[in-house]
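Thank you all for coming. Please take a moment with the sequence and the structure before I go on.

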Amino acid sequence: MNEEKIREVLSEVKHPAIDCSLIELGIVKDIKLERNEVKVTMAFPFPNIPIKDQLIKSVRDPLEKMNLNVKVETVVMNREELQNFLKKEEENWIDM
């Protein structure tokens, strides 16, 4: 198991309302692997987003299926990350 494999698995995790992966959106910001523990830093566009728990679960579940212990740290996006997120959101929003 390595960080590249974890990144590959997480590249399949899509945002429920935006046709992009959480990695493409910059929500999955950092991945660190030590033995069988993976620490994922997730950056959100603003504090207290309504689907925060859903997004964390969507990252945690596939990693736990790989028998990894998962720790998730959450942060708020900086200005540049937020601008990139909003641009991708606008370009890839899924009309429901």
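In what order do the strands form the open sheet? Keeping in mind that what we are looking at is a predicted model, the answer is that three strands make up this open sheet, that they follow the order β1-β2-β3, and that their pairing is mixed. Since β1 and β3 stand at the edges and each has a single partner strand, one side of each is left without a neighbour in the sheet. From one strand to the next, the twist averages 15°.

Let me turn to the helices, which I take one after the other. Helix α1 packs on the sheet, where α1 touches β1 and β2, and the direction of α1 makes about 140° with that of β1. Helix α2 also packs on the sheet, touching β1, β2 and β3, and the direction of α2 makes about 155° with that of β2.

Now for one pair of strands in particular: β2, residues 37-44, and β3, residues 69-76, run parallel and are joined by eight bridges. To get from β2 to β3 the chain passes through helix α2, residues 52-64, and this β-α-β crossover is right-handed. Within the pair, threonine 74 in β3 is the bridge partner of methionine 42.

Finally, the interior: the largest nonpolar core has 25 residues, of which Ile27, Val38, Met42 and Leu63 touch the most other members. At least two residues of this core come from each of α1, β1, β2 and α2, and β2 gives the most, with five residues. Leaving aside residues up to four places away in sequence, valine 38 touches, among others, Ile6, Ile31, Leu63 and Val70.

Notes
Residues are numbered from 1 along each chain as its sequence is written. This is a predicted model: local features need pLDDT of at least 70, side-chain atom pairs count only at pLDDT 80 or more; totals for chains, interfaces and linings use all residues. Side-chain values use heavy atoms; hydrogens and water are left out. Two strands pair if DSSP finds at least two bridges between them. Helices (H or I, at least four residues) and strands (E, at least two) are DSSP runs, numbered from the N terminus. A crossover is right-handed if, with the strands pointing away from the viewer, the path from the first strand over the helix to the second runs clockwise. A nonpolar core is a set of buried Ala, Val, Leu, Ile, Met, Phe, Trp, Tyr and Cys residues joined through side-chain atoms within 4.5 Å. Buried means under 20% relative accessible area, exposed over 50%, partly exposed in between (1.4 Å probe, protein chains only). Contact means heavy atoms within 4.5 Å. Axes are lines fitted to C-alpha atoms, for helices over the stretch in contact, and angles run from 0 to 180 degrees between N-to-C directions.
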